[in-house]
Amino acid sequence: MNVLQITFSPTGGTDKVAEIITKAWGTPVNKVDLSNAETDYSSLSLGKEDIAIIAIPSYGGRVPSLAAQRISNIHGNQTPCVIVCVYGNRAYEDTLIELNDIAEKSGFQVIAAIAAIAEHSIMHQYAAGRPDRKDKSELISFANKILDKITSNSTEFAAPQIPGNRPYKKAGKAGLVPKANNNCTSCGLCAKQCPAKAINTEDFKTADGKKCISCMRCVVKCPQSARKVNGTLVSVAALAIKKACSIRKGNELYI
């Protein structure tokens, strides 16, 4: 079984979830980083002997547009596929059903779906430290159930019933654009790592608000911790979702 782990994980939370699942399968894993703006995704072609896991974060209840574009360029060729959406304990809304539709349109055969929790990429007080030990145990259990389905010798996999709405909810705007402070040394790592190429390579302290997707990769990757988002705006946003995030949500498997 050849496993291809395809992830869009600007701040690492989605990677953590995907790796827990694929490690449980005990087989070598090839990785594709959808946050890499330089990769030619149209050159990626899979086969029925492969197994793919496509994992992305939920951005306002939708699939991040960049991830959607890049997945759409991959040639699935009816490869069995597990889709995963990761969210910060608020809600994933239409993310999972949208990811299902994108994967199927790209030629993948979706055989299972997982909604999982990871620490919020902007408001870190929500789902702090997750995936934790309990999450890991749940995800390993999910992985084993999926592996049983994969190895069942079935010639045709039943499609999972995935929650969500069509048409999908309206996509929100990014809004929170990180800016550099005086700690910036203009090393250029932020621009190199930006999935959207939103950071000016001639002036690393500035970013294009129209291109920025508020993924926070530049904030996480900056070696000087020089890039920040507006604290007042973050506080307002955190207050708005406090009630929705106050109760611990569990991981979900659809198979």
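This report covers the sheet, the nonpolar cores, the cysteines and one helix residue of a predicted model.

**The sheet**

Six strands form an open sheet. Their order is β2-β1-β3-β4-β5-β8, and the pairing is mixed. The edges belong to β2 (29-33) and β8 (252-254). Each of these has a single partner strand, so one side of each lacks a neighbour in the sheet. On average, neighbouring strands are turned by 15 degrees against each other, direction ignored.

Within the sheet, β4 and β5 run parallel. Eight bridges join them. One residue pair can be named here: V84 has I114 of β5 as its bridge partner.

**The nonpolar cores**

The largest nonpolar core has 45 residues. I6, L34, I54, I56, I83, L96 and F108 have the most contacts inside it. Several elements give two or more residues to this core. Among them are the strands β1 (2-7), β3 (50-57), β4 (80-87) and β5 (109-117). The helices α2 (65-72), α3 (95-105) and α5 (189-193) do so as well. Which element gives the most to this core? It is α3, with five residues.

A second core is separate and has 23 residues. W25, I53, I111 and I114 are included in it.

L96 deserves a closer look. Residues up to four places away in sequence left out, L96 touches I83, V84 and C85. It also touches A113, I114 and A115. I162, P163 and Y254 complete the list.

**The cysteines**

How many disulfides does the structure hold? The count is zero. A disulfide needs two cysteine sulfur atoms within 2.5 Å. Two cysteines show how the distances fall out.

| Cysteine | Closest cysteine sulfur | Sulfur distance |
|---|---|---|
| C184 | in C190 | 6.2 Å |
| C245 | in C85 | 14 Å |

C184 is unbonded because 6.2 Å to the sulfur of C190 is too far for a bond. The same reasoning holds for C245, because 14 Å to the sulfur of C85 is too far for a bond. C184 counts as buried, at 18% relative accessibility. C245 is buried too, with a relative accessible area of 7%.

**D15 in helix α1**

D15 lies in helix α1 (residues 13-24). Its relative accessible area is 23%, so D15 is partly exposed. Neighbours within four places in sequence aside, D15 is in contact with Q5, T7 and S9. C187 is 172 residues from D15 in sequence. In space the two are 25 Å apart, C-alpha to C-alpha.

Methods. Residues numbered from 1 in each chain as written. Predicted model: local features only at pLDDT ≥ 70, side-chain atom pairs only at ≥ 80, totals over all residues. Heavy atoms only, no water. Buried < 20%, exposed > 50% of the residue type's maximum accessible area, 1.4 Å probe, protein only. Core = buried A, V, L, I, M, F, W, Y, C linked by side-chain atoms within 4.5 Å. Helix = DSSP H or I, 4+ residues; strand = E, 2+ residues; numbered from the N terminus. Contact = heavy atoms within 4.5 Å. Pairing = 2+ DSSP bridges. Axes fitted to C-alpha atoms, helices over the stretch in contact; angles between N-to-C directions.
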